[in-house]
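Colleague: Please put the model on the screen, and I will ask about it piece by piece.

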Amino acid sequence: ELDIVKNVIITDEFSNAKIPVATGGQGIDFLVPTLLEMGTEEQKNRYIKPALHLDEIWCQGYSEPNAGSDLASLQTKGVLDGDEWVINGQKTWTSTAKYAHMMFCLVRTEPDVPKHQGISYLLIPMDTPGIEIRPLVDMTLNAGFNEVFFTNVRIPATNIIGERGQGWLVANKTLTHERSSLGDPNKMASRFNKLVELMKTESIDGERIIDKPVFRDRLMKTQGKVLALKTHGLRLLSSQLNKEQDVTLGRMIVKLYGTEMRYELESLAIDVMGELGTLYENSPHIRAAGSWQYAYMYYLGLIIGGGTSQIQKNIISERGLGLPKEPKYQEA
Ligand SMILES: Cc1cc2nc3c(=O)[nH]c(=O)nc-3n(C[C@H](O)[C@H](O)[C@H](O)COP(=O)(O)OP(=O)(O)OC[C@H]3O[C@@H](n4cnc5c(N)ncnc54)[C@H](O)[C@@H]3O)c2cc1C
């Protein structure tokens, strides 16, 4: 039985006991809650269980070469041909596409209406003929994301969440869940505990780093922010339980604050390790198999992924604080 309060208590206790927080990913964290809100019973029965068991890995086909922050400008086309969608176009920055079995994908299916109304949210099996995946190596030296090309890719007409042209609404449901999972307070608290351990183990001239006032100060500031994020998370939880309250902007704050803070936390770990912090890959002196260095680079990327900090600030200031809308660029 679904119980979001129990879920929070369990993850909190896992984090206190220094047990890694449960596996997530784009299927579990983004798609499953979207299906619960917007999917048909048949879709829920078909997709949720394999996603939760990681029998089906999902990737997210939103961004395109000319549609990132301005996502609604996407151009990948879907045309209904009998009982199939025929898809042509390109996605980019698609995390985990090369391992994924399925993609939830935004496709322009109604070319003649205003851009936000012409999008549909389609579910695409990644082994469908006509899909080509080209890995992109990022600064962690892994190919964390990919370009995905579609040439006459045919999928069943029923592989759609919501109605034709309702994709923008569904996409935003997914984005709301994505944003809160990217800055997850419990994952942050777990990581903070690891940082404390690191600072107790590493030393300079025989003195533990945690006992050095300069580093201790930075640790305390970070701890204050971790606790603030946790408190914000609990406030959002009670808003969620009181169904009439909208948590959309609150979750954007989780994304904005959480990803920037996580990067700050990983940066502190790099500084704590001194010259060892600059090592990467196969050095025998590297700590925790290089996971601090990897996370330091990866979380810099997450300030961009899921919508950049600038975009979160724009939306929070316009819709939350009532500041004037930014001027729109007009073609001459
Ligand atoms: C690690 C990582 C993983 C990702 N995974 C995925 C994925 O799985 N699936 C997927 O679809 N996408 C993914 N993305 C893509 C991500 O969503 C986009 O990179 C992001 O939305 C920004 O779009 P863009 O890269 O086109 O930058 P642009 O939109 O070109 O922005 C460039 C710069 O201009 C700024 N800017 C743009 N418009 C404004 C404005 N109106 N006001 C102020 N500043 C503005 C931006 O903040 C940014 O600094 C991932 C990205 C990263 C980094």
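Modeller: One term is needed for the ligand: a polar contact is a pair of N or O atoms within 3.5 Å; within protein, one must be able to donate a hydrogen and the other to accept it, and residues adjacent in sequence count only if both atoms are side-chain atoms. The model is predicted, with local features needing pLDDT of at least 70 and side-chain atom pairs counting only at pLDDT 80 or more, while totals for chains, interfaces and linings use all residues. Residues are numbered from 1 along each chain as its sequence is written, and side-chain values use heavy atoms, leaving out hydrogens and water.

Colleague: Which residues come nearest to the ligand?

Modeller: A residue counts as near if one of its heavy atoms lies within 4 Å. There are 19 residues around the ligand, and those that come nearest are Ser63, Ser69, Trp93, Ser95 and Thr308.

Colleague: How far from a nitrogen atom of the ligand is a polar side-chain atom of glutamate 326?

Modeller: Two other residues meet oxygen atoms of the ligand: glutamine 26 places a polar side-chain atom 3.2 Å from one, and serine 63 places a backbone N or O atom 2.7 Å from one. For glutamate 326, the partner is a nitrogen atom of the ligand and the distance from a polar side-chain atom is 2.9 Å.

Colleague: How do the directions of α1 and α6 relate?

Modeller: Helices (H or I, at least four residues) and strands (E, at least two) are DSSP runs, numbered from the N terminus. Axes are lines fitted to C-alpha atoms, for helices over the stretch in contact, and angles run from 0 to 180 degrees between N-to-C directions. The axes of α1 (residues 4–16) and α6 (residues 213–241) come within 11 Å and cross at roughly 165°. Angles over 145 degrees count as roughly antiparallel, which makes α1 and α6 roughly antiparallel.

Colleague: Which residues of α6 make the contact with α1?

Modeller: Contact means heavy atoms within 4.5 Å. From α1 come Ile4, Val5, Val8 and Asp12, and they meet, on α6, Lys230, Leu234, Leu237, Gln240 and Leu241.

Colleague: How many residues of the contact of α2 with α3 are nonpolar?

Modeller: The axes of α2 (residues 26–38) and α3 (residues 41–52) come within 10 Å and cross at roughly 160°. Ile28, Val32, Leu35 and Leu36 of α2 meet Gln43, Lys44, Tyr47, Ile48, Ala51 and Leu52 of α3. Nonpolar means Ala, Val, Leu, Ile, Met, Phe, Trp, Tyr, Cys or Pro, charged means Asp, Glu, Lys or Arg, and the others, Gly among them, are polar. By class there are one polar, one charged and, as nonpolar residues, eight.

Colleague: At what angle do α4 and α7 pack?

Modeller: The contact of α4 (residues 167–182) with α7 (residues 248–272) has three nonpolar, five polar and three charged residues. Their axes are 7 Å apart, and the angle is about 35°.

Colleague: In which strand does asparagine 152 lie?

Modeller: Asparagine 152 has a phi near 50°, which is positive in a residue other than glycine. Aspartate 205 also has a positive phi, near 50°, and is found in the loop between β9 (203–204) and β10 (207–208). Asparagine 152, by contrast, lies within residues 145–156, in strand β7.

Definitions and conventions: Angles under 35 degrees count as roughly parallel, over 145 as roughly antiparallel, 65 to 115 as roughly perpendicular and the rest as oblique.
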